[in-house]
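Q: Hi! Can you walk me through this model?
A: Happy to, let's put it up here.

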Amino acid sequence: MKRTASIVGFALTAVLLQACSSTPSTPSTTAETPSLAETALFQQTGTPDATVQVKLPQYKEPVTAEVRGNKVLFEGDILLAELPEGQAIDKNSTVIANTGGLWPSARIPYVFASNVSSTVRSHVQSAINTYNTYTKVRIVPRASETNYVRVIVDSGCYSYVGRIGGGQALSLANGGCGVAGAIHEFGHAMGLWHEQSRKDRDQYVTIVWANIKSGTEHNFQIESNSRAVGAYDFDSIMHYPAYAFSTNGQPTIRPKNTSIPLSRLGAAKTLSSGDIAGIRSLYP
């Protein structure tokens with residue numbers, strides 16, 4: 001049974017910006033239909049254990065997040081909190097929602113959990129090479145740093161947004177996230193939110209609510225108080241696919257400019273020029 005609870009405790013050390021852009025140039029993105037694995041990046045399987053209402057600073061109204069096991073997930077792959085073992089969720093629960101700040105000196109230490117496969121490690125290395133090549137962010141093996149990203153293998157792909165302190169989880173399901181998924185989740189870890197949740201999105205896309213699976217509509221909320229950087233970016237690595245959370249195989253997101261093919265959304269394999277510009281605004 002789904003339940004609804006209020007999350008009233010928060011830890012936010014910085015307002016984080018979304019990546020967005022002008023027309024992408026370097027590196028290039030390929031407009032092709034996203035694979036099932038890429039679409040599943042945002043879509044957790046099965047019914048959540050509960051839904052909870054969260055008040056985040058960048059939203060005027062409380063937003064809905066899902067409880068899955070001991071994880072509180074927002075928009076499919078944004079980790080807000082990990083509950084203490086055995087903590088139940090009910091309408092009187094108080095949970096700390098963790099969204100964090102920027103990484104000092106644009107340096108993100110990371111470690112692998114022992115069960116991370118060689119395939120996933122290879123995907124992470126490709127993601128690291130991308131960020132280290134096109135941005136000033138440096139993702140480096142952890143030495144003895146207190147704050148770092150811990151890459152794990154869990155049932156889905158997810159990450160906190162920004163630096164929350166300590167060893168923070170970033171999950172890449174074995175074989176289910178790919179290089180693009182690793183780039184996407186590290187984008188969250190350094191401070192990027194989803195592109196289609198920016199406050200001006202309704203000028204550029206239509207959300208087809210009738211095609212969205214019942215109970216998942218909350219994944220299409222707008223960040224009404226956010227400040228976007230640059231123009232809306234259909235090619236962002238942080239953009240949902242056109243068929244995300246579809247209940248009937250029909251698109252849930254349609255560009256208002258009909259010359260933009262549905263296959264372009266969520267098809268990015270690497271950072272767009274807009275993603276790079278967004279990251280540079282955070283880490284100049």
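**Strand β4 and helix α4**

Q: Which way do the residues of β4 point, and are they buried or exposed?
A: V63, A65 and V67 point one way from β4, while T64, E66 and R68 point the other way, and all are buried. Buried means under 20% relative accessible area, exposed over 50%, partly exposed in between (1.4 Å probe, protein chains only). Helices (H or I, at least four residues) and strands (E, at least two) are DSSP runs, numbered from the N terminus.

Q: Is this predicted, and how is it numbered?
A: This is a predicted model, where local features need pLDDT of at least 70, side-chain atom pairs count only at pLDDT 80 or more, and totals for chains, interfaces and linings use all residues. Residues are numbered from 1 along each chain as its sequence is written, and side-chain values use heavy atoms, with hydrogens and water left out.Q: Back to β4, which strands sit beside it?
A: Strand β3 (residues 50-54) pairs with β4 in the antiparallel sense over 5 bridges, and T51 stands opposite E66. Strand β5 (residues 71-74) also runs antiparallel to β4, joined by 3 bridges. Two strands pair if DSSP finds at least two bridges between them.

Q: What lies between β4 and β5?
A: They form a hairpin with 2 residues between them, and G69 in the turn has a positive phi of about 65°. V67 in β4 stands opposite V72 in β5.

Q: New topic: how many residues of α4 are buried?
A: In α4 (residues 273-282), 7 of the 10 residues are buried, among them I276, I279 and L282.

Q: What do those buried residues pack against?
A: The buried residues of α4 pack against α2 (118-134) and α3 (178-190), where contact means heavy atoms within 4.5 Å.

Key:
Residues are numbered from 1 along each chain as its sequence is written. Side-chain values use heavy atoms; hydrogens and water are left out.
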